[in-house]
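User: Could you take a close look at the aromatic side chains in this one? I'd like one connected walk through the ring pairs.

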Amino acid sequence: MRPLSTYKLPVVYAIAVLLTLILSCEQEKKPAVKTGPITFTNEGELSIYRAGSDTLLTTLEIEIADSEYETQTGLMYRETMDPDQAMLFIFPTEKIHSFYMKNTLIPLDLLFIRGDQKIVTIAENAVPLDDSVIPSRVPVQYVLEVNAGRVEAWNVKSGDSISFTKHN
């Protein structure tokens, strides 16, 4: 049997090596990941019509969010969106959907739309970077996001309708 005192130097050495490794790992800086701006992809055209008269209120270029990833990220991290552009979320079924503005840098108006393409709920002037929930309040299959203030400028109301086409 060896005396306990013979273990002291290797243990101290091991601790010193371990601390050196830990400190060197903390000081190593990882390179910053730089990404370019996220740009609009024109995937279709959408028109909004006045209820009862079918008067055309506006026509927009739309980017479509219909995959799980696209519907989760939406317009997050975008710095701008042109006045004639919008994002249309298409869900597989009609149900209550909720949105929030986490990581969304531009103020938006949200139009909640049933499967029959009638606008049923409108949320105006959603605040950038706000985590508050914006619910559809009723079952919807589509949600249209446009720049804040556009709903008022076009005088869009619940009961108005949309129609859209996708580019091939």
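Analyst: Let's start with phenylalanine 164, which counts as buried because its relative accessible area is 19% (buried is under 20%, exposed over 50%, partly exposed in between, with a 1.4 Å probe and protein chains only). Tyrosine 142 is buried too, at 9%. Bear in mind that this is a predicted model, where local features need pLDDT of at least 70 and side-chain atom pairs 80 or more, while totals for chains, interfaces and linings use all residues. Numbering runs from 1 along each chain as its sequence is written, and side-chain values use heavy atoms, without hydrogens or water.

Now the rings: there are 5 aromatic pairs (Phe, Tyr or Trp six-membered ring centres within 6.5 Å; planes under 30 degrees apart are stacked, over 60 edge-to-face, the rest tilted). In one of them, phenylalanine 89 and phenylalanine 91 are stacked, with 6.5 Å from centre to centre and 10° between the planes. Both phenylalanine 89 and phenylalanine 91 are buried.

Back to where we began: tyrosine 142 and phenylalanine 164 meet edge-to-face, 5.6 Å centre to centre with 70° between their planes. Tyrosine 142 sits in strand 8 (residues 140-147) and phenylalanine 164 in strand 9 (residues 161-166), so this pair ties together parts 22 residues apart in sequence (strands are DSSP E runs of at least two residues, numbered from the N terminus).

As for the stacked pair, phenylalanine 89 and phenylalanine 91 belong to a cluster: ring pairs link them with Phe99 and Phe112.

Note on methods: Helices (H or I, at least four residues) and strands (E, at least two) are DSSP runs, numbered from the N terminus.
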